[in-house]
Every structure is written in C-alpha cells, then in structure tokens.
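Please read the points below with the sequence and the structure open beside you. They begin with one chain by itself and then move to the place where two chains meet.

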Amino acid sequence: MTSEARPPFPPPVPTEDNQPFWDALREGRLVVQECAECAHLVHPPRPMCPECGSFEKGWREMSGRGEVYSYVVTHQAIHPSFSGHTPYATALVRLEEGPLLTTNLTDIAHDEIAIGMPVQVEFVAIGDGITLPLFRRA
Amino acid sequence: MPSPLTNRVAIAGVGETDYSRESGRSEMMLALQAIKAALDDAGIAPAEVDGLMTWRVDNTSEAEIAANLGVKDLAWFGDINQAGNVGAALVAHASAAIVAGLANVVVIYRGMNGRSGARYGRGEVTGRRGQGGSAFTEPFGLLTPQHGLAMTARRRMHEFGTTSRQFGYVAVSEREHALRNPRATFYGKSLSIEDHQESRLIVDPFHLYDCCLETDGGGALVLVSAERARDLRQPPALIRAAAQAGYARDREFIDTAAASLAPRFWAQAEVAPSEVDVAQIYDHFAPFVVFALEDYGFVERGQGGPFVEGGGIRAEGGTLPVNTSGGHLSEAYLQGMNQLIEGVRQVRGQSTAQVADCHLSFVDTGIGTGALLLERAS
C-alpha cells in the first residue's frame with residue numbers, strides 16, 4: 001500500500017509523552033516504551049509505569065514480527081472524507097515481545113485476514129514527517 | 001454485612017418524551033419535558049428538586065435546568081465523563097448523596113437530538129483529530145466507539161466460538177419486545193434472523209441490525225429516600241445495589257468492564273445472578289448483550305450465544321428476559337436512560353412486556369461501567 005492509496009485518516013498528533021515513538025518510526029525503527037526501573041513494556045506510551053510507578057523510561061526496539069490478534073473491516077464511510085475509501089481493514093497486531101498495536105495490513109485482502117496470521121512491520125511515510133508502522137504478511 | 005446503600009434510596013418517578021428521528025425542539029426542551037413528566041409521575045413539585053445530574057456528553061448544564069425548574073438551592077450537581085455509558089453510575093452517585101444527606105430530591109436527566117443533531121456513530125462527532133490517545137488508533141481508521149467494540153467482538157468470537165447468527169437472536173428478541181411497546185421506534189416492524197444476517201455490514205463483524213438506533217428524545221429519573229418514596233404516587237423501585245467500574249488495566253479486547261464489576265456488584269446486592277427476574281443491558285451493539293450475560297455471570301463464558309439462540313432472553317418463555325422495551329436496538333437510543341426507565345417499570349408491574357411477579361430488576365448501562373439492581377418494595 002502506498003501512502004497515496006490510504007484513506008484520509010487523521011494523522012497522529014505527537015506529544016511530549018510519545019515523541020520518541022514517532023521519531024524512531026521516521027528512522028525505520030519500531031520502539032516501545034520500556035520502564036527503566038522494572039523493564040515493563042508500556043504501549044501506548046504514557047508518563048508513569050503502571051507496574052511500578054516509575055517516571056523513568058527508555059525505548060526498546062522491537063523485532064517487528066507479530067501476529068494478527070483481532071481485526072475489523074469498516075464498510076460504512078463513518079467520516080465524510082472516507083467516502084470512496086471503504087471497505088478498509090484495521091487490525092490489532094500482537095508483537096512477539098507482547099504489546100498490542102493498532103495498524104493496517106498492507107498486502108492482505110479483507111477476506112484473507114485471519115486471527116493468528118504472522119505479520120511483519122513495514123514503515124510507511126504519510127507526509128509532514130510522520131511515518132506509520134503498518135504490517136504485511138510475514 | 002449489607003451495604004449502607006442497600007434499599008435506602010428509591011427511583012420514585014420516571015419520564016420520557018416521544019422518541020423520533022427529528023424532534024423539532026431543543027435538547028433543553030427535551031430534557032425539561034422528560035423531567036416534568038418524571039416529577040408528575042412521582043408527585044413532586046419542580047421547586048423541591050435540590051439535586052441535578054447528567055452525562056458529561058449532555059449539552060444542557062445543571063444550572064440551565066435549575067433555572068427552568070425554579071430550583072432555589074441546588075445542593076448537589078455533577079456529571080460523569082466517559083461517553084453514553086454512565087447512566088447507572090449517575091444513579092450510584094445520586095444515591096450516595098441522598099444516603100449521605102447531601103440532597104433530598106435528585107433528578108437525573110438526558111436530552112439529546114441523537115439523530116437530527118450530533119450522531120454518535122459518526123467519526124466527525126466522536127473523532128479527536130489524532131490527539132491524545134487517539135494518535136494510536138485514528139491514523140489507522142478507528143474513529144468511533146463501535147470500532148474498539150468490534151475489535152473485542154471479533155476476538156471473543158475467536159475465543160469462544162460465538163457466531164454472528166447468535167448475535168442476531170439478540171436483535172430478533174428485542175424486536176419482539178418492541179412490537180409490544182407503542183413508544184418503540186420499531187413498533188409494528190418485525191425482524192427475522194434472516195433480515196439480520198442479510199443486512200449490510202457497518203463495521204464487520206457488526207451488521208446493520210447489530211447497531212443501536214439514533215434517536216431524538218429525553219428521559220429523566222427522580223430519586224428520593226426510600227422513606228419518602230413510600231408516600232408518593234408510584235410503587236417505589238428500591239435501589240438494592242448500584243455501582244460502577246472503569247478500565248484500569250491495559251485492554252486485551254476480551255474482558256468487558258462487567259468482568260471487574262460483577263463480583264463486587266453481586267456482593268453488594270447479596271443476590272446471585274440466577275435470582276434476577278429481568279434485565280436491561282446496554283445494547284449499543286447486539287454482541288455486547290451476549291458478552292454482558294457472560295461477564296456478569298448470568299451464564300458461563302461461551303454460553304451466551306447458545307443462550308440467546310435458545311430464546312433465553314425472550315419475554316415469551318425466556319428464563320431471563322432482556323431489554324423488554326426493545327432496548328437501544330428497537331425502542332430508542334437514549335444512552336441507557338430508556339433502559340433505566342424500563343427497569344423501573346418492571347418492578348412496578350407497568351412494562352408492555354411485563355415479567356410475571358417481578359421482584360428483582362437488573363439494569364446495566366455500559367457493559368460494566370455501571371449497574372443497578374432494583375427491588376420491588378414489599
């Protein structure tokens with residue numbers, strides 16, 4: 001899937017709490033927030049570790065491998081700007097390190113998506129310095 | 001030891017407007033018409049109201065309502081954030097205030113032009129333009145509440161083998177109930193399981209008839225102490241239990257909030273799920289009635305689908321009739337308010353699909369975000 005073919009979904013608005021996640025994607029790396037005290041992986045990123053209460057954090061690079069955990073296919077244009085862009089699929093991918101990521105699948109037809117399907121990250125620039133982590137068949 | 005809340009407060013009045021697709025009047029007017037009807041139902045004068053509560057997403061402030069009712073001293077007010085799913089939570093807050101002596105007559109109201117005004121199924125209404133936590137969902141096309149819920153539905157279908165056809169029996173059963181309710185949007189319009197299965201997909205796995213209505217309308221409840229309620233016009237619906245639950249843990253898209261709430265709720269009520277006579281369950285989407293039945297412990301996990309398919313939630317012959325007014329799928333989508341009203345009608349013996357000898361009436365308004373158990377006064 002090229003960025004031109006994507007429906008006009010709202011781009012993410014990075015904040016102080018998650019900027020390193022988006023910075024890494026631009027460099028072609030998928031990272032997840034890791035607690036500096038207890039090594040718990042936290043996604044989406046947030047100020048405090050829900051396991052130990054620490055504010056200290058690092059960013060651990062993921063392998064980019066995972067599997068489809070759940071998915072939905074949107075048939076109705078639920079936003080005026082999505083007209084002509086349906087149906088589209090959105091998936092939850094379970095990374096092999098554990099976290100769940102919301103994403104799109106780039107090369108899999110809607111009727112072929114299945115829970116448990118192995119997938120691999122790919123990095124798709126959508127403009128304005130934003131790169132999204134999308135997934136293709138592994 | 002009984003909860004200090006148990007049967008100390010009652011819902012003494014209920015009121016609603018007509019339900020339509022275009023009310024032709026303001027949301028404030030809808031709220032006020034419902035409040036007036038609820039106060040008349042109870043036999044309480046508007047000026048006696050000293051507490052007002054509503055959904056954070058309601059557009060009419062407590063101060064505006066108070067200015068219409070002629071309230072002299074508004075002793076208790078507030079709203080609850082989240083979404084449409086806070087109705088029973090509001091009842092819990094209002095009950096606590098009455099037990100604590102902070103207010104005497106609390107009105108909970110909701111007035112919404114949910115079809116002709118802001119529509120909750122629309123991304124331009126619920127979307128957050130990629131800000132905050134939505135930065136991790138909206139860039140991938142998830143913009144409305146149904147999206148996250150559909151993810152849970154798909155995962156649970158995978159885990160427990162529940163089918164779309166079984167979800168369809170929720171819609172079909174509720175439609176049967178609506179056929180007995182002249183207030184219902186779908187009064188006079190029957191629905192078959194084939195109609196459900198052949199209806200278009202909205203967000204797969206949700207078909208059109210899995211989705212709630214969009215409604216213009218208003219509803220209101222009047223809460224007073226159980227003692228006061230004894231002398232009013234209607235048989236009181238005693239609040240035997242009222243509690244809420246939010247999400248604390250990271251979501252796995254399997255458990256609903258009802259999984260957290262259930263043990264605490266049934267302990268507070270000192271009742272087993274099997275003792276409940278009738279239930280109203282927040283059916284924003286039909287599959288979640290099945291999940292609520294499982295997560296509240298009315299049936300085992302994985303048994304919700306077969307239970308609804310076997311007629312378990314039908315008013316006609318079911319062991320636990322559910323959404324007896326037609327619910328959000330077939331009566332109206334008033335974000336739990338119409339189900340709270342129906343829960344009260346059941347313990348009063350006034351439902352259009354009345355359950356015989358109804359003592360305990362359960363109401364969930366968000367698959368665990370809040371629940372009530374109403375008891376008929378002896």
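1. Followed from the N terminus, the elements of chain A come in the order α-β-β-β-β-β-β-β-β, which amounts to one helix and eight strands. Please keep in mind while reading that this is a predicted model.

2. How does the radius of gyration of chain A fit that of a compact globule? A compact globule of 138 residues would have a radius of gyration near 14 Å, and the 16 Å of chain A agrees with this. Along the principal axes, the C-alpha atoms of chain A fill a box of roughly 45 × 30 × 25 Å.

3. Turning to the contact between the chains, chain A contributes 40 residues and chain B contributes 35 residues. The area buried between chain B and chain A is about 3100 Å², and carbon and sulfur atoms give 60% of that area. On the side of chain B, the residues B:F136, B:F140 and B:M151 together supply 25% of the area that this chain buries against chain A, which is more than any other three residues supply.

4. Which residues form the salt bridge between the two chains? The count between chain B and chain A is one salt bridge, and it is formed by B:E252 and A:R94, whose closest N and O atoms are 2.6 Å apart. In addition, 17 residue pairs are in polar contact across the interface of chain B and chain A, with both residues of each pair at pLDDT 80 or more.

5. Several elements of chain B take part in the side that touches chain A, since helix 4 (123-126), helix 5 (145-160) and strand 5 (201-204) each supply at least two residues of it. The largest share, seven residues, comes from helix 5 of chain B. Sorted by class, this side of chain B has 13 nonpolar, ten polar and twelve charged residues.

6. Strand 5 of chain B deserves a separate look, as its pairing reaches into the other chain. Two bridges join it to strand 4 (residues 65-74) of chain A, and these two strands run antiparallel. In this pairing, A:T74 stands opposite B:V203, while A:V73 has B:D204 as its bridge partner.

7. Within chain B, strand 5 is also joined by two bridges to strand 6 (residues 206-207), again in an antiparallel arrangement. The bridge partner of B:L201 in strand 6 is B:H207, and a hairpin joins strand 5 to strand 6 through one residue. Strand 5 of chain B is thus joined to strand 4 of chain A and to strand 6 of chain B.

Definitions and conventions. Residues numbered from 1 in each chain as written. Chains lettered and ligands numbered in written order. Predicted model: local features only at pLDDT ≥ 70, side-chain atom pairs only at ≥ 80, totals over all residues. Heavy atoms only, no water. Contact = heavy atoms within 4.5 Å. Buried area = accessible area lost by both parts, 1.4 Å probe. Salt bridge = Lys/Arg side-chain N within 4 Å of Asp/Glu carboxyl O. Polar contact = N/O pair within 3.5 Å; in protein donor to acceptor, adjacent residues only side chain to side chain. Helix = DSSP H or I, 4+ residues; strand = E, 2+ residues; numbered from the N terminus. Nonpolar A, V, L, I, M, F, W, Y, C, P; charged D, E, K, R; others polar. Pairing = 2+ DSSP bridges. Rg over C-alpha atoms; globule rule 2.2 N^0.38 Å.
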